[in-house]
Amino acid sequence: METVKLKGGSPIFDKIFKIGVTIAGTYVLAIIVLIVIQLTTNSYQIWAQEGVSFLTGSDWNAVEGSESYGAAPYIAGTFVTAGIAMLIGVPISIGIAMFLSELAPKFLRSVLSFVVELLAAVPSIIYGLWGMFVFRDYIRDWIETPLNSALGNNVILFSGTPFGLDIFTASVVLAIMIIPTIASISREIMIAVPSSQREAAFMLGATKWEVFKMAVIPYSKSGLIGASILGLGRAVGETMAITLLIGNATGQSAFPSSLFAPGQTLSSIIANEFPEAANGSLHMAALIGCGLILFVIAITINIVAQFLVSKVLKTHQGAVLA
Amino acid sequence: MITIEQRAEFRKHFRNNISRRVATDKIVKGIVFGCVLLAIIPLGSILFEIIRNGVPVLSIDFLTQPPGAVGSNQPGGIGPAIQGTLMLIGLSSLIGVPVGVLGGIFLSEYGNNKYGQTIRFFNDVLAEFPTIVIGLFAFAVIVLSLGYFSILAGMFALSIIMLPIITRTTEESLKLVPVSYREAGYALGIKRSVIIFRILLTSAKSGLITGIMLSVARIAGETAPLIFTILGNEDFFSGFDQPVDALPLRIYRLANLPYDSATAQGWGGALVLILIILSLNIGIRYLFLRKRRGGSFRITTGG
């Protein structure tokens, strides 16, 4: 009688396989550690030269002999643009998420969710192109000029000459870009609220808005905050659209004073000045130093956000995917 | 005893109260619907402008020729950029897909412990990383050590961006395979690795392909990391030690040129890019996601 050969795999291959996949999983961790090491060593020169004043100073001079670098205006620019984008984007996103999870009829739900996800899929560079050649004119003529002529003399926020390529335009486009992120995660978090919560409120005679206020919001609050912080993380790291729209000021003048003045963010200064910086120069070290600051800001924001969101979605399949 | 007058009073209060609440409800519904419209208008405007400005530029020459001299009457085309983008997608997938799938297998099959949780957490963090930082990293690791800008540095940067997406979707789709499949395999005395290869990966195939296509759609539009890695040039691919061009990078360069012809070409490039990305997206939607409840996979913009 013929013996049957079992094709079950060998135990040795099993062990090798386990080691292999563990290495593949560890790759992610290794990359993050390597990013820290590489950014630190390659920007060491600037920290040695400028010390803390790289964080607090506002001079930015790449002329050899009188080189001086301070990233404070760009750090401020990063937070100001991201902050304004959050102010505009978060309420709208929560509104969209509420519509998608509570109000919309079934057929609209899937269509609109798809549209929101398409918005998220449009590359940054295309938002930049659209912002530069289309949106800029509208925002300048319809919002900036009226605000400036009405309030420009009294409110410093609206002073300056509206040109269209400034902090305000960049922030609004940034808001448009983070809305899909925040909206779709918020929607998932709201869907994860057990329907018994809603039913209990409905049973008391609550209207849809009251149900939302009494049952959905308290239950999903920390997740919604997490979703917003995730949007903040994206806004902070956003590069191409900002680079095309913010007007690219450098040095002292890049400090955000008016909404209608050109500014600069950490990411846009890197993208703008990188082609001009020579390898190994102090200028290059300064740009990589900006990258390191951006890294620290982004990873802090992300860790907080992931922690909050994953806590809420832990039991919910799908969690948060980029 | 409640009198008739009191009862009428209560009724009046109740009516006032309910009409106020219903009115608030209606106002909120209106505002929320307004939010949705606000989000759709930019998308509509972007698509409209890309088609309006991009379609007139399209021609065979535009898609296949290298760019002409800056500001000259010969605008040329975006051939090298399209070639570069396709090559970058292919090469980054060479690293990103195997490492990502294996990482996903690790998280799903061997990751039910502290270490797995840590990896999962940092995988999610890496997925949300500013891509410009990843570009700087690839510049420091590859470009500085090799001494030249090249497609290799670009592929390294983009593979890091696609990796967490593939890892996560692989994990999610492997977890959807019923435990009984695994148990059936064990009952037959099959080793774990063979179960994963033969049974799990086959059952989770559509989820895996979805993840890969999502990550491809994501890196196709990445611009920021390319500035530091492939640099961009005007010629077709000429070697692994030379700078190459890519579609998003070309759009960026064209948008910065002060000529109307360059701007028009930028719109043309944007049309080609958005067609690639939208077809990937809609393809995924109709091929795979329709079978699922909702869409737990999401794509996002790049830096």
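In this predicted model, the C-alpha centres of domain 1 and domain 2 of chain B lie 39 Å apart. The domain assignment places domain 1 of chain B at residues 4–57. Domain 2 of chain B covers residues 60–291. The two domains touch through six residues of domain 1 of chain B and eight residues of domain 2 of chain B. On the domain 1 side of this contact, four residues are nonpolar and two are polar. No charged residue appears on that side.

The contact between the two chains takes 87 residues from chain A and 85 residues from chain B. On the chain A side, helix α1 of chain A (residues 11–50) gives the most, with 20 residues. The side of chain A that touches chain B has 55 nonpolar residues. A further 25 are polar, and seven are charged.

One helix pair spans the two chains. Helix α8 of chain A runs over residues 208–237, and helix α1 of chain B over residues 4–54. The axes of these two helices come within 8 Å. They cross at roughly 80°. An angle of 65 to 115 degrees counts as roughly perpendicular, so α8(A) and α1(B) are roughly perpendicular to each other. From α8(A), the contact draws on A:Lys208, A:Trp209 and A:Glu210. These meet B:Arg21, B:Thr24, B:Asp25 and B:Val28 in α1(B). By class, the contact of α8(A) with α1(B) has four charged residues, two nonpolar and one polar.

A second helix pair lies within chain B. Here helix α5 of chain B (residues 131–146) packs with helix α6 of chain B (residues 151–175), their axes coming within 9 Å. The crossing angle is roughly 140°. Angles over 145 degrees count as roughly antiparallel, and those outside the parallel, perpendicular and antiparallel ranges as oblique. α5(B) and α6(B) are therefore oblique to each other. Their crossing is right-handed.

From α5(B), the residues in this contact are B:Thr131, B:Ile134, B:Gly135, B:Ala138, B:Phe139, B:Ile142 and B:Val143. From α6(B) come B:Leu152, B:Ala153, B:Phe156, B:Ala157, B:Ile160 and B:Ile161. Eleven residues of the contact between α5(B) and α6(B) are nonpolar. Two are polar, and none is charged. The contact of α8(A) with α1(B), by comparison, includes four charged residues.

Definitions and conventions. Residues numbered from 1 in each chain as written. Chains lettered and ligands numbered in written order. Predicted model: local features only at pLDDT ≥ 70, side-chain atom pairs only at ≥ 80, totals over all residues. Domains from an automatic or database assignment. Contact = placed C-beta atoms within 7 Å. Nonpolar A, V, L, I, M, F, W, Y, C, P; charged D, E, K, R; others polar. Helix = DSSP H or I, 4+ residues; strand = E, 2+ residues; numbered from the N terminus. Axes fitted to C-alpha atoms, helices over the stretch in contact; angles between N-to-C directions. Parallel < 35°, antiparallel > 145°, perpendicular 65-115°, else oblique. Left-handed = near helix turned anticlockwise from the far one by under 90°.
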